Amino acid sequence: MRLLVTGGAGFIGANFVHDAVCEHDVTVLDALTYAGSRESLAPVENKIRLVEGDITDAELVGKLIAETDAVVHFAAETHVDNSLSGPEPFLNANVIGTFTILEAVRAHNVRLHHISTDEVYGDLELNSPQRFTESTPYNPSSPYSSTKAAADMLVRAWVRSYGVRATISNCSNNYGPYQHVEKFIPRQITNVLTGRRPKLYGAGANVRDWIHVSDHNSAVRRILADGQIGRTYLIGAGGERDNLTVMRTILRLMDRDPEDFDHVTDRVGHDLRYAIDATMLRDELGWSPTHTDFEDGLRATIDWYRANESWWAPLKDAVEAGYAGRNQ
């Protein structure tokens, strides 16, 4: 199959591309902003076509999609803190960009899978037995999650109104190799590796449902192959942990005192808890995660960052300067 992967030089997209080239003819469309890099695709650079461009460029997007059998749409602005300080790029990429993709797949009758996030559902009470399901009402709380919610709604409307052949997946927090050092887990790992003290928002009571990026992508491949058109699938691995526990686990695995970190100013409107019920995905499509031991996955992630300083080191100082400017 001829696949167009938007945002394929970013964290989750690059990991998807590394696996997809084994079975498909892959073109990557990426704007190569701060969050995407050619280096993330270096292991497969001779097996793909990389096109540098913006998903809001209708002429370019239309040309690429006309040559494609299916689109996997990862491209998005994703960092909550950045959306709070400057929301406009999130509107452009996540809303206008998705609209542009939808119009092109509609014109050329091309299959689309749209990657979204569990953050569109807002948050859950910390001690609640509830989890997000496909029928949970949307209740986004940040500019990032609200623009992803808007994008999801556009996809659903284009399926119903125009017959676009699309599916959606909403996934929980990913971790693994090639994740930008602005994100929670790689930030703490690289803080330790560079002699900085790790930083924890507030008391660290916020709960996230962690999944290894390779498990996320295996679910995407299954949905692309066998998912029901118009259906939304939730992807999660049952990995709920509060941020304080994750911080202490990272420090323990890196032979540091589990209390050797700083509490910093909490994020505005910080969501309390995310939790995914992936029953539909498991039952309908037979998917299950393989990285079921979080500590093993985290240990392998730490090892990757130890071994790939040349990938993340050029990014680190600027990221920490930005956080310092927000007292974080």
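This text walks through the sheets, the helix packing and the aromatic pairs of the structure. The model is predicted.

Start with the seven-stranded sheet. Its strands follow the order 3-2-1-4-5-6-10. The sheet is open, and the pairing is parallel. Strand 3 (48–52) and strand 10 (232–235) stand at the edges. Each has a single partner strand, so one side of each is left without a neighbour in the sheet. On average, neighbouring strands are turned by 20 degrees against each other, direction ignored.

Look at one edge in detail. Strand 2 (residues 25–30) and strand 3 run parallel and are joined by five bridges. Within this pairing, Val26 stands opposite Ile48 of strand 3.

Helices pack on this sheet. Helix 2 (residues 58–66) touches strand 1 (2–6), strand 2, strand 3 and strand 4 (70–73). The direction of helix 2 makes about 170 degrees with that of strand 2. Helix 5 (residues 143–162) also packs on the sheet. Its contacts are with strand 5 (111–117), strand 6 (166–171) and strand 10. Here the angle, taken between helix 5 and strand 5, is about 155 degrees.

Now turn to the three-stranded sheet. It is open too, with the order 7-9-11 and mixed pairing. Strand 7 and strand 11 (240–242) are the edge strands, and each pairs on one side only. From one strand to the next, the twist averages 50 degrees. Strand 7 and strand 9 (residues 207–212) run parallel, joined by three bridges. Follow Asn173 across to strand 9 and you reach its bridge partner, Trp210.

Next comes a helix pair. Two packed helices are described by the angle between their axes and the distance between the axes. Helix 6 (residues 184–193) and helix 11 (residues 309–325) pack at about 105 degrees, with axes 11 Å apart. Angles of 65 to 115 degrees count as roughly perpendicular. Helix 6 and helix 11 are therefore roughly perpendicular to each other. Helix 6 brings Arg187, Thr190, Asn191 and Leu193 to the contact. Helix 11 brings Trp312, Lys316, Glu320 and Tyr323. The residues of this contact divide into three nonpolar, two polar and three charged.

The aromatic rings come last. The whole structure holds 13 aromatic pairs. In one of them, the rings of Phe99 and Trp158 have their centres 6.0 Å apart. Their planes stand at 85 degrees, so the pair is edge-to-face. Phe99 lies in helix 4 (residues 88–108) and Trp158 in helix 5. The pair links distant parts of the chain, 59 residues apart.

Are these two rings buried or exposed? Phe99 is partly exposed, because its relative accessible area is 37%. Trp158 is buried, because its relative accessible area is 12%.

Tyr178 and Trp311 make another edge-to-face pair. The centres are 5.7 Å apart, with 90 degrees between the planes. Tyr178 lies in the loop between strand 7 (173–175) and helix 6, while Trp311 lies in helix 11. The pair therefore ties together parts that are 133 residues apart in sequence. Tyr178 and Trp311 are both buried.

Finally, find the group formed by Tyr121, Phe132, Tyr138 and Tyr274. These residues form one aromatic cluster.

Key. Residues are numbered from 1 along each chain as its sequence is written. This is a predicted model: local features need pLDDT of at least 70, side-chain atom pairs count only at pLDDT 80 or more; totals for chains, interfaces and linings use all residues. Side-chain values use heavy atoms; hydrogens and water are left out. Two strands pair if DSSP finds at least two bridges between them. Helices (H or I, at least four residues) and strands (E, at least two) are DSSP runs, numbered from the N terminus. Axes are lines fitted to C-alpha atoms, for helices over the stretch in contact, and angles run from 0 to 180 degrees between N-to-C directions. Contact means heavy atoms within 4.5 Å. Angles under 35 degrees count as roughly parallel, over 145 as roughly antiparallel, 65 to 115 as roughly perpendicular and the rest as oblique. Ala, Val, Leu, Ile, Met, Phe, Trp, Tyr, Cys and Pro count as nonpolar, Asp, Glu, Lys and Arg as charged, and the others, Gly among them, as polar. Rings of Phe, Tyr and Trp (its six-membered ring) pair if their centres lie within 6.5 Å; planes under 30 degrees apart count as stacked, over 60 as edge-to-face and the rest as tilted. Buried means under 20% relative accessible area, exposed over 50%, partly exposed in between (1.4 Å probe, protein chains only).
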